[in-house]
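Visitor: I'd love a close look at one part of this protein. Could you pick a spot on the inside and walk me through what sits around it?

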Amino acid sequence: MFLVGTDTDCGKTTLACALLRAAAQAGLRVLPFKPAASGPSGPEADPERLAAASDLGVTSSEICPLRYAEPLAPGIVEDAAAFTAGPRLDVSEDMLRETGPIGHVRTVLENLEAAHRPVVTLVEGAGGLWVPMPGGTWLPAWVAGLRAAPVVVGRLGLGGVNHALLTIFALRALGLPPRGFFLVDTHALPDAARTHNPAVIAAASGLPCLGVMPHAAADTPWLTADAWATMTSSARSSPGL
């Protein structure tokens with residue numbers, strides 16, 4: 001499964017870590033994977049957090065093959081000119097073409113899966129959907145190239161409906177239909193919109209809400225009853241418009 005965020009800091013890593021802990025408690029082998037990460041390494045960096053939350057004994061270097069020190073989108077750090085002076089973004093099947101970095105990372109992922117034999121792999125994207133990635137690509141090409149079924153991760157609260165639906169319908173337009181969505185309460189401030197977000201997004205999109213993770217309470221029951229069944233059933237995707 002590919003966790004596609006609605007934005008930066010929407011709670012993807014916190015959610016992924018909580019899912020890894022829940023999987024361990026349920027006796028499920030779930031592998032974390034992050035194709036590319038930017039920013040300083042250390043205990044609070046995304047790859048290190050994912051590795052620490054896993055019970056498969058993986059290291060951050062194993063699960064994140066592409067690391068960049070500068071805290072910018074991975075593609076911008078690698079080659080900003082590919083996006084500032086390159087061709088206009090083409091939202092079509094052409095943008096899902098596979099390039100060198102995607103093929104390399106997929107090989108790394110396939111080797112990890114062969115070694116650990118997980119029931120599902122949680123691939124965490126970088127930022128939101130339209131993120132510049134290595135090789136002059138955009139994040140949707142990585143969802144397609146890694147043959148992963150997308151699941152949307154959004155922020156609970158005011159604005160959450162708009163952000164989630166924009167991401168869901170953009171994925172569908174690319175032939176990458178998501179399986180469901182998660183919402184994460186990323187702050188403790190009062191927000192009346194929290195009450196209605198899950199039902200509104202589910203009704204408007206026709207997708208199941210797989211869980212609403214409360215703020216600072218990731219280990220309390222919050223997954224829906226069929227969340228793991230949805231995530232582990234036919235998790236590979238066949239991209240195409």
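Guide: Sure, let's begin with Met 231, keeping in mind that this is a predicted model. Setting aside residues up to four places away in sequence, Met 231 touches Met 1, Leu 19, Val 120, Phe 182 and Leu 210. Now zoom out a little: Met 231 belongs to the largest nonpolar core, a set of 69 residues. Met 231 is also among the residues with the most contacts inside that core, along with Phe 2, Leu 15, Leu 19, Trp 142 and Phe 182. Helix H1, residues 12-25, gives the core its largest share, seven residues. As a general rule, nonpolar side chains in soluble globular proteins tend to be buried together.

Here's a lysine to set beside that. Lys 34 sits in the loop between strand E2 (30-33) and strand E3 (36-38). Its relative accessibility is 3%, and buried means under 20%, so Lys 34 counts as buried. What does the side chain of Lys 34 reach at 2.8 Å? That's the backbone oxygen of Gly 125. There is also a polar contact of 3.3 Å between the side chains of Lys 34 and Glu 124. Beyond its neighbours within four places in sequence, Lys 34 is in contact with several residues, including Asp 46, Pro 47, Leu 50, Ile 63, Cys 64, Pro 65 and Ala 126. So when you rotate the model, try finding Met 231 with Leu 19 and Phe 182, then Lys 34 with Glu 124 and Gly 125.

Conventions
Residues numbered from 1 in each chain as written. Predicted model: local features only at pLDDT ≥ 70, side-chain atom pairs only at ≥ 80, totals over all residues. Heavy atoms only, no water. Core = buried A, V, L, I, M, F, W, Y, C linked by side-chain atoms within 4.5 Å. Buried < 20%, exposed > 50% of the residue type's maximum accessible area, 1.4 Å probe, protein only. Helix = DSSP H or I, 4+ residues; strand = E, 2+ residues; numbered from the N terminus. Contact = heavy atoms within 4.5 Å. Polar contact = N/O pair within 3.5 Å; in protein donor to acceptor, adjacent residues only side chain to side chain.
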